[in-house]
Amino acid sequence: MIKGLGMMVFIGYLFLWVITPTYVYKQKWLVRVRAHTTSTYFGTQGPTMLLYTFPVLFMAVMGSVYIHLRKKANQNRYKGEKEASPDNLSIWRRPMIIKGLGIVSKIELAFFVMFIALIVWSFTTYLHVSFANITHKSAAKKGEEVWQSKLDSVALRFGLIGNLCLAFLFFPVTRGSTILSLFGLTSEASIKYHIWLGHIVMTLFTSHGVCYVIYWVVTKQTSEMLKWAKTDISNVAGELALVAGLVMWATTFPRIRRKMFEVFFYAHHLYILFIVFFVFHVGIAYTSIMLPGFYLFMIDRFLRFLQSKGNARLVSARVLPCETLELNFSKSKELDYTPTSIIFVNVPSISKAQWHPFTITSSSNLEHEKLSVMIKSEGSWSRKLYQILSSPNSIDQLDVCIEGPYGPISTNFLRHDMLVMVSGGSGITPFISIFRELVYTTETLKCKAPKILLITAFKDSSDLTMLELLLPSSGAPIEFSKLELQIEAYVTREKQPAINDKKLVSTIWLKPNPSDAPITPVLGQNGWLWLGAIISCSFVTFLVSMGLVTRFYIYPIDKNTNKVYSYGSRAVLNMLLICVSLMVTCYMGFWWNKKRNGMDSKQIQNMEGATPVSSPNSWFYNADRELESVPQQSLFQSTNVHFGERPDLKRILFEQKESSVGVLVCGPKKMRHEVANICSSGLASNLHFESISFSW
């Protein structure tokens with residue numbers, strides 16, 4: 001019922017965008033709405049916030065309630081017999097490879113086409129309505145030719161359509177978004193939507209600016225470029241916003257982003273200047289159209305800032321010879337997350353500003369007091385971290401800050417009879433957490449789990465040690481005798497096993513600092529009702545404070561004419577009130593939850609010294625030695641290693657005859673596209689594709 005209500009509001013919100021460019025909406029409906037809602041407390045800003053801001057925030061709050069109830073239902077199901085729920089949208093989830101878009105499902109493609117249709121409809125309708133009023137007579141009154149007036153209209157409409165896209169731009173990057181979760185999406189999987197929207201937004205805004213520059217030049221109004229009107233559009237602010245946007249846009253293209261990631265990372269912080277000057281450019285009343293997405297992003301961003309201020313308790317690090325680390329953190333028992341979730345890691349000794357996402361390899365159900373991530377030494381940041389922990393004189397303390405975890409609300413792997421997990425290199429990372437979760441399902445819940453076929457490709461034999469991460473490094477040995485597991489590992493660059501002269505797999509135990517604390521539940525993933533309360537309370541606080549300021553300070557000066565009080569001053573006041581309302585409410589909610597979680601968390605005891613322990617040589621390197629435990633022996637016996645060849649994915653997938661085979665793939669783009677093509681070919685209706693994003 002709650003989800004249905006949210007969907008109805010969402011449909012109404014989309015319908016509002018459909019009718020926004022029409023003559024009927026602007027000249028009739030909007031006039032009536034303003035006549036009934038414009039007041040001395042909110043002025044002309046009130047109707048805009050009622051139509052465009054309130055519905056989105058209402059959906060966010062309803063989403064919080066829905067996700068909380070759904071999570072409770074899942075927990076109750078865990079306590080009893082866990083059953084798989086059918087996937088009624090399996091046909092629509094089938095993958096398609098679209099040039100320029102990559103792998104998309106039919107649902108995603110349908111929404112993308114509808115959004116493009118909305119843009120085209122809005123642009124053409126805006127032009128149709130505006131061109132109808134442009135005549136030789138109207139152009140002559142302005143001292144222009146008809147084509148010049150039409151150029152002015154086109155330039156303005158580019159900006160209006162850009163605002164439409166800007167309204168949706170921040171939803172995908174709100175990591176703790178209840179709206180994304182309401183539609184079964186995650187921020188990590190939705191980044192591509194942010195990228196698409198970003199390109200569209202900057203294309204439209206650049207066209208908006210270029211057309212106006214041409215218009216001002218041909219009509220000899222170049223002085224307009226330096227205009228900062230008191231109660232009208234500020235052109236200078238718009239130009240500054242466009243410059244900030246262009247700098248961000250230039251650093252997003254793949255060649256620059258991959259080769260100079262830090263440039264991309266730091267340049268993206270220009271979004272603050274972009275938004276501030278955008279508000280100055282169009283005024284705070286019109287900004288309310290795109291406010292809800294950015295408002296939710298600001299709440300999410302400040303909560304993440306509060307969480308990241310303290311150091312997390314790093315218990316140990318497992319160092320693999322393939323230049324890979326597994327970091328093991330202490331966590332409270334109350335913190336839970338789903339497989340394939342991620343956390344963001346910051347090591348101040350390497351860089352205080354850089355936060356890097358990594359996929360969690362542990363299971364919160366199986367490992368109640370530990371959270372683990374795998375880090376492959378690829379970029380400069382991860383190489384420095386590997387060097388610090390793998391050096392002969394390794395440190396015994398390391399300050400680490402954590403943000404997250406973030407991930408899907410729930411997973412439904414049990415709906416399949418078999419899971420085929422295809423990975424390339426460190427793409428195995430999310431499958432480690434899935435494997436451990438399924439071990440919990442079979443061994444603890446005593447439920448039947450699907451068969452598992454893990455197909456993994458590595459460049460070198462040293463990478464085979466990543467398979468050791470399927471088993472936790474510490475704690476009671478896990479059993480998975482009831483789980484049908486088969487691993488097919490392919491080493492592509494070696495014809496035969498390497499000589500056994502590699503470094504040992506070692507575990508380094510680290511001492512805690514007095515300020516270290518276990519990773520505890522935060523608002524959002526582990527406090528949806530609190531997040532909904534913060535969204536609603538902060539917005540109510542802003543409305544009350546804005547209403548009082550408008551009624552007793554701005555209204556006596558302006559009388560709702562919007563011709564006396566400065567747009568810039570009004571924008572500054574509103575931005576200040578938004579920030580204060582948001583920060584105070586977020587801090588109070590975060591502080592209360594932290595205090596409550598602190599009472600339940602165990603106090604960390606200082607250790608006298610580090611106790612580094614080296615494990616014997618990898619069981620993949622030395623198959624002849626006596627295996628240490630039954631789980632390791634079972635894992636080894638389930639593994640076939642193939643040297644000097646690549647997996648024949650088409651043959652392997654078509655050989656699976658179970659009625660429902662879930663195909664999960666994580667790895668290089670070429671591998672993902674190959675698997676997607678196989679599953680979407682229609683030659684095997686039992687294959688259900690799912691691409692998994694990961695970070696390492």
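Analyst: Two residues are in contact when they have heavy atoms within 4.5 Å of each other. The model is predicted, and every contact below is a computed one.

User: Which residues does tryptophan 17 touch, leaving out those up to four places away in sequence?

Analyst: Tryptophan 17 touches Tyr52, Leu118, Ser122, Leu164, Ala167, Phe168 and Ile289. Trp17 also belongs to the largest nonpolar core, which has 94 residues. Trp17, Phe168, Phe170 and Ile299 are the members with the most contacts inside that core.

User: Which element gives the largest share of this core?

Analyst: Helix 6 does, with twelve residues. A second, separate core has 33 residues, including Ile428, Leu469, Leu471 and Leu485.

User: How do I read the length and surroundings of helix 6, residues 146–169?

Analyst: Compare the end-to-end distance with the expected rise, then count the buried residues. At 1.5 Å a residue, the 24 residues of helix 6 should span 34 Å, and the end C-alpha atoms are 35 Å apart, which agrees. A residue is buried if its relative accessible area is under 20%. In helix 6, 20 of the 24 residues meet that criterion, so the helix is largely enclosed by the rest of the structure.

User: What does the comparison give for helix 14?

Analyst: Helix 14, residues 291–307, has 17 residues and reaches 24 Å from its first C-alpha to its last, close to the 24 Å expected. Of its 17 residues, 15 are buried, so helix 14 is largely enclosed by the rest of the structure.

User: Which elements do the buried residues of helix 4 pack against?

Analyst: They pack against helix 1 (2–19), strand 2 (102–105), helix 6 and helix 8 (187–218). The buried residues are Glu108, Phe115, Leu118, Ile119, Ser122, Thr125, Tyr126, Leu127 and Ser130. Leu118 and Ser122 are among the contacts of tryptophan 17. As for length, the 26 residues of helix 4 (106–131) should span 38 Å, and the end C-alpha atoms are 37 Å apart, which agrees.

User: Where do sequence distance and spatial distance part ways for glycine 46?

Analyst: Glycine 46 and leucine 543 are 497 residues apart in sequence, yet their C-alpha atoms are 9.5 Å apart in space. Glycine 46 sits in helix 3 (residues 45–79). With 15% relative accessibility, glycine 46 counts as buried.

User: How should a sheet be read, and what is the strand order of the open sheet of four strands?

Analyst: Strands of a sheet pair through backbone hydrogen bonds, either parallel or antiparallel. Here the order is 3-9-6-7, with antiparallel pairing. Strand 3 (311–312) and strand 7 (356–359) are at the edges with a single partner strand each, so one side of each has no neighbour in the sheet. Strand 3 pairs with strand 9 (residues 400–406) over two bridges. There, asparagine 311 stands opposite cysteine 401.

User: Are strands 10 and 11 paired in the parallel or antiparallel sense?

Analyst: Strand 10 (residues 418–424) and strand 11 pair in the parallel sense over seven bridges. Strand 11 and strand 12 (residues 485–491) are likewise parallel, over seven bridges. One row can be followed across these strands: leucine 419 has isoleucine 452 of strand 11 as its bridge partner, and isoleucine 452 has leucine 485 of strand 12. Seven of the eight residues of strand 11 (residues 451–458) are buried, so this strand is largely enclosed by the rest of the structure.

User: Which helix links strand 10 and strand 11 in the β-α-β unit?

Analyst: Helix 16 does, and the unit is right-handed. Threonine 429 lies in helix 16 (residues 429–443). At a relative accessible area of 0%, threonine 429 is buried. Beyond residues up to four places away, threonine 429 touches Thr359, Ile360, Thr361 and Met374.

User: Which backbone angles deserve a second look?

Analyst: Most residues other than glycine have a negative phi, and most peptide bonds are trans. Threonine 340 has a positive phi, near 75 degrees. Threonine 340 lies in the loop between strand 5 (324–330) and strand 6 (342–346), and is buried at 13% relative accessible area. Asparagine 560 also has a positive phi, near 65 degrees. Asparagine 560 is in the loop between helix 17 (528–558) and helix 18 (567–600), and counts as partly exposed at 28% relative accessibility.

User: Which residues does the cis peptide bond join?

Analyst: The cis bond joins glycine 404 and proline 405, with omega about 10 degrees. Proline 405 lies in strand 9.

Terms used: Residues numbered from 1 in each chain as written. Predicted model: local features only at pLDDT ≥ 70, side-chain atom pairs only at ≥ 80, totals over all residues. Heavy atoms only, no water. Expected span 1.5 Å × (residues − 1). Buried < 20%, exposed > 50% of the residue type's maximum accessible area, 1.4 Å probe, protein only. Pairing = 2+ DSSP bridges. Core = buried A, V, L, I, M, F, W, Y, C linked by side-chain atoms within 4.5 Å. Right-handed = clockwise from strand over helix to strand, strands pointing away.
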